Amino acid sequence: MNPDHSAPDPELDGHTLAELGEYLDRGRTPYDPSIENSPGCRLALANLTRLAGLSGGLLTRQAEREPDRDALWIAGLLEIIRAEIASGRDVPVAHPDPALRLTLTEAAVRGLVRQAGDTLGGVVMGRCVLDGDVGEPGAVIRLDLSCAVAYGLPIAPTVDWLRERVRAELARHTELVIGAIDVAVDDVYPRGGAADV
Amino acid sequence: MSDTELSRRLTALVRAAEGVTAVYPAQPLLEAAAGVVAETLELRPAGSSVDIERADGVATVRVQIAAADALPAPDTLRRVGELLRRATDAEPSLAPPVVIAVAVRLVDTEPPAR
């Protein structure tokens, strides 16, 4: 785990996560083509935008009560975001022409999962691991997810809803065969944080 | 037609395809610059993101895209791949076999800022 978000990242085309955070803080102005034209930066920006809404709400409410806990949690989420923008493995899409190689990157797939969870309302996605041979058409893939849930939400139905949403999103945008979706709820946060994202 | 001109033409074709919100070089500029600085940079003028590589009698055409969330990404991938196939089949400077590789780097829920 590398907590240094000021280090240039090849997956961010030479930018840093810290720079992207500052760019978001400026409302993505002035327009920076080296950021906006980088797929890694765009993936990270999408994740950071949702996290920014969460952290603003959470930190103002809980900073005095549990500053260390929140700082660690946010830092952990940032680290996951940074790790998950790496392109990773190729996820194939079938075509009858064998010389047409069509793929989604593993990072794009993880982005779909994260987007499905973070926009559910009351859920903040953590870890997202595709367990299995994603490069083998028809192979059954297990998803290993973690998330935080807003305080007061019933956990079991929320997790079921998350599974359903993730499964639908992957069925629409990939040809992966999804088996089990294991979800670990590893945190609970006050309402008004992620639910407002 | 030179590969640079062909790349520009194919890039424009991909960019205009339904479901495509952005087109990216298959090899990021920084990565390319680490290898062969001047040549690679020169080979990628603005507007030519489709990479054309010729090796061992095989031409490989590569591109990466952002796909709009509004359409299923596999449909967009097939559309782009087939567009490139038709264009390369009609291009006399590209003798078969031509391998076409299209990758979705992200599924876009928002249009690019500009």
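1. In this predicted model, I would begin with chain B, where, among contacts between residues at least 6 apart in sequence, 77% join residues at least 24 apart. The secondary structure of chain B consists of four helices and four strands, and these follow one another along the sequence in the pattern α-β-α-α-β-β-α-β. Of the 114 residues in chain B, 35% are buried.

2. Strand 1 of chain B, residues 20–24, deserves a point to itself, because five of its five residues are buried and the strand is therefore largely enclosed by the rest of the structure. Strand 1 of chain B runs antiparallel to strand 3 of chain B, residues 58–68, and four bridges join the two. To locate this pairing on the model, one may start from Tyr24(B), whose bridge partner in strand 3 of chain B is Gln64(B).

3. The packing of helix 1 (residues 3–15) against helix 4 (residues 73–89) in chain B can be described by an angle of about 145° and a distance of 10 Å between the axes, and the crossing of these two helices is right-handed. On the side of helix 1 of chain B the contact is made by Leu10(B), Leu13(B) and Val14(B), which meet Val80(B), Leu83(B), Leu84(B) and Ala87(B) of helix 4 of chain B. By class, the residues of this contact divide into seven nonpolar, no polar and no charged.

4. Turning to chain A, there is an open sheet of three strands in the order 3-4-5, with mixed pairing. Strand 3 (123–131) and strand 5 (177–189) of chain A stand at the edges, and because each has a single partner strand, one side of each is left without a neighbour in the sheet. From one strand to the next, the twist averages 15°. Strand 3 of chain A pairs with strand 4 of chain A, residues 140–150, in the antiparallel sense over seven bridges, and within this pairing the bridge partner of Val124(A) in strand 4 of chain A is Ala148(A).

5. Two helices of chain A lie across these strands. Helix 5 of chain A lies across strand 3 and strand 4 of chain A and runs at about 150° to strand 3 of chain A, whereas helix 6 of chain A lies across strand 3, strand 4 and strand 5 of chain A and runs at about 140° to strand 5 of chain A.

6. Helix 5 and helix 6 of chain A also meet each other, their axes coming within 9 Å and crossing at roughly 140°, and the two helices are therefore oblique to each other. Helix 5 of chain A passes helix 6 of chain A in a right-handed crossing. The residues that meet are Leu112(A), Val113(A), Ala116(A) and Gly117(A) in helix 5 of chain A, and Leu162(A), Arg165(A), Val166(A), Glu169(A), Leu170(A) and His173(A) in helix 6 of chain A. By class, this contact has six nonpolar, two polar and two charged residues.

7. Gly117(A), which is found in helix 5 of chain A, merits a closer look. It counts as buried because it has 25 C-beta neighbours inside 10 Å, where 20 or more are needed. Leaving aside its neighbours within four places in sequence, Gly117(A) is in contact with Val123(A), Met125(A), Cys147(A), Leu162(A) and Val166(A). In the case of Val166(A), which is 49 residues from Gly117(A) along the chain, the C-alpha atoms of the two residues are separated by 7.1 Å.

8. The last point concerns the contact between the two chains, which takes 29 residues from chain A and 29 residues from chain B. On the side of chain A that touches chain B, at least two residues each are supplied by helix 3 (39–62), strand 1 (90–93), strand 2 (100–105), helix 5 (106–118) and helix 6 (155–173) of chain A, and the largest share of that side, six residues, comes from strand 2 of chain A. By class, the side of chain A that touches chain B has twelve nonpolar, eight polar and nine charged residues.

9. Strand 2 of chain A also pairs across the contact, since it is joined in the parallel sense over five bridges to strand 4 of chain B, residues 98–108. Within this pairing, the bridge partner of Leu102(A) in strand 4 of chain B is Val102(B).

Key
Residues are numbered from 1 along each chain as its sequence is written. Chains are lettered from A and ligands numbered from 1 in the order in which they are written. This is a predicted model: local features need pLDDT of at least 70, side-chain atom pairs count only at pLDDT 80 or more; totals for chains, interfaces and linings use all residues. Two residues are in contact if their C-beta atoms, placed from the backbone, lie within 7 Å. Ala, Val, Leu, Ile, Met, Phe, Trp, Tyr, Cys and Pro count as nonpolar, Asp, Glu, Lys and Arg as charged, and the others, Gly among them, as polar. Two strands pair if DSSP finds at least two bridges between them. A residue is buried if 20 or more other C-beta atoms lie within 10 Å of its own, exposed if 12 or fewer, and partly exposed in between; C-beta atoms are placed from the backbone. Axes are lines fitted to C-alpha atoms, for helices over the stretch in contact, and angles run from 0 to 180 degrees between N-to-C directions. Angles under 35 degrees count as roughly parallel, over 145 as roughly antiparallel, 65 to 115 as roughly perpendicular and the rest as oblique. A crossing is left-handed if the near helix is turned anticlockwise from the far one by less than a right angle, and right-handed if clockwise.
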